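Hello,

Here is the structure I said I would pass on. My notes on it follow below.

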Amino acid sequence: PWLLLADQLVFIATDLAVGLASDRAARVLGRIGRWVLAASLLSAAAFLALPWVAPQGSPALFVIVTLLWVVTTSALRAPPLTLLGRYVAKPAQPMMVALASLGLGVANALAPYLGLQLKAMDPRVPFLLAALALALVTLGMVAAERALARQSAAHATTAPSAAPAGAGTVVGFLLACGIGALAFQWHHAVSSSALALRHAPAGQLPWLLPVFWVGFNLSLLPAGLLARRLGAPTTMAIGAELAMVGIAGAAFAPGLGLW
């Protein structure tokens, strides 16, 4: 449990640090792509090393390599959003973010089921394939950054900038996001298993718990369309209310079907 908690804390710290750094790096053509490529290669190497490190029986070494993988992997989440915010027109941003999140949702939904099918395989094979896929995707992002930067420079305009939000508004928004993220993580990582065990044996959990990500994935594109029509704040409020109703329904569901 402490290692899992440390994983989440590292993600929080790295996301914040990389988000700030990528905002600065975005001002220089190609800079994001270069250091993201370096981080992705390091992440792929650490990920690929885990199946070789684990049998050595050194818990400290395994934790160090795992933390290296967590840090470098979390460093890959903010830069794509930075590029979307910099080079994609504001009306199209909600849909672009929804499409970017769609890939994550599909992966999260399929990964548990795929993992069940790969149990009998040498773990180094899927680890190697995942590492190679990460490196190839990052190379594509480097090329995309350069193409978008050239396109943006060719169509540069001096659009008026919006007035910055007040400090109180920003703090309140970040606090609300933190509370929402905590509720999301608590339900997914802590309460979902306990609720499922009320209605199903433990052996069915690997098949039941990923249903959370299936619903998450199916909601991404409608949420993007809704944000484009109603705006991000209204869409977030609707999503929070629906999440509250859904969690309450799961807590008081009388059977597995309704759960």
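Threonine 72 sits in helix 3; please bear in mind that the model is predicted. With a relative accessibility of 7%, threonine 72 counts as buried, because the cut-off for that is under 20%. Its side chain makes two polar contacts with backbone oxygens earlier in the sequence: the oxygen of leucine 68 is reached at 2.8 Å, and the oxygen of tryptophan 69 lies 3.1 Å from a polar atom of the threonine 72 side chain. If neighbours within four places in sequence are left aside, threonine 72 is in contact with Ala39, Leu42 and Ser43.

Helix 3 itself covers residues 59-74. Its 16 residues should span 22 Å at 1.5 Å a residue, and the C-alpha atoms at its ends are 22 Å apart, so the two values agree. Buried residues in helix 3 include Val65, Val70 and Ser74, along with threonine 72.

As for the chain as a whole, it has 10 helices and zero strands. Of its 259 residues, 24% count as buried. Among contacts with a separation of 6 or more, 77% are between residues 24 or more positions apart. The accessible surface comes to about 16500 Å², and carbon and sulfur atoms account for 75% of that.

One part of the surface is worth listing separately. Trp2, Leu5, Leu9 and Ile12 form a nonpolar patch there, with about 500 Å² of accessible area together. Leucine 9, one of these residues, belongs to helix 1, which runs over residues 2-25.

Regards

Note on methods. Residues are numbered from 1 along each chain as its sequence is written. This is a predicted model: local features need pLDDT of at least 70, side-chain atom pairs count only at pLDDT 80 or more; totals for chains, interfaces and linings use all residues. Side-chain values use heavy atoms; hydrogens and water are left out. Helices (H or I, at least four residues) and strands (E, at least two) are DSSP runs, numbered from the N terminus. Buried means under 20% relative accessible area, exposed over 50%, partly exposed in between (1.4 Å probe, protein chains only). Contact means heavy atoms within 4.5 Å. Accessible areas come from the Shrake-Rupley method with a 1.4 Å probe; for residues, only the protein chains shown count as cover. The expected span of a helix is 1.5 Å times one less than its number of residues. Patches are made of residues with over 30% relative accessible area and no salt bridge: like charges are joined within 9 Å, nonpolar side chains (Val, Leu, Ile, Met, Phe, Trp, Tyr) within 5 Å. A salt bridge is a side-chain nitrogen of Lys or Arg within 4 Å of a carboxyl oxygen of Asp or Glu. A polar contact is a pair of N or O atoms within 3.5 Å; within protein, one must be able to donate a hydrogen and the other to accept it, and residues adjacent in sequence count only if both atoms are side-chain atoms.
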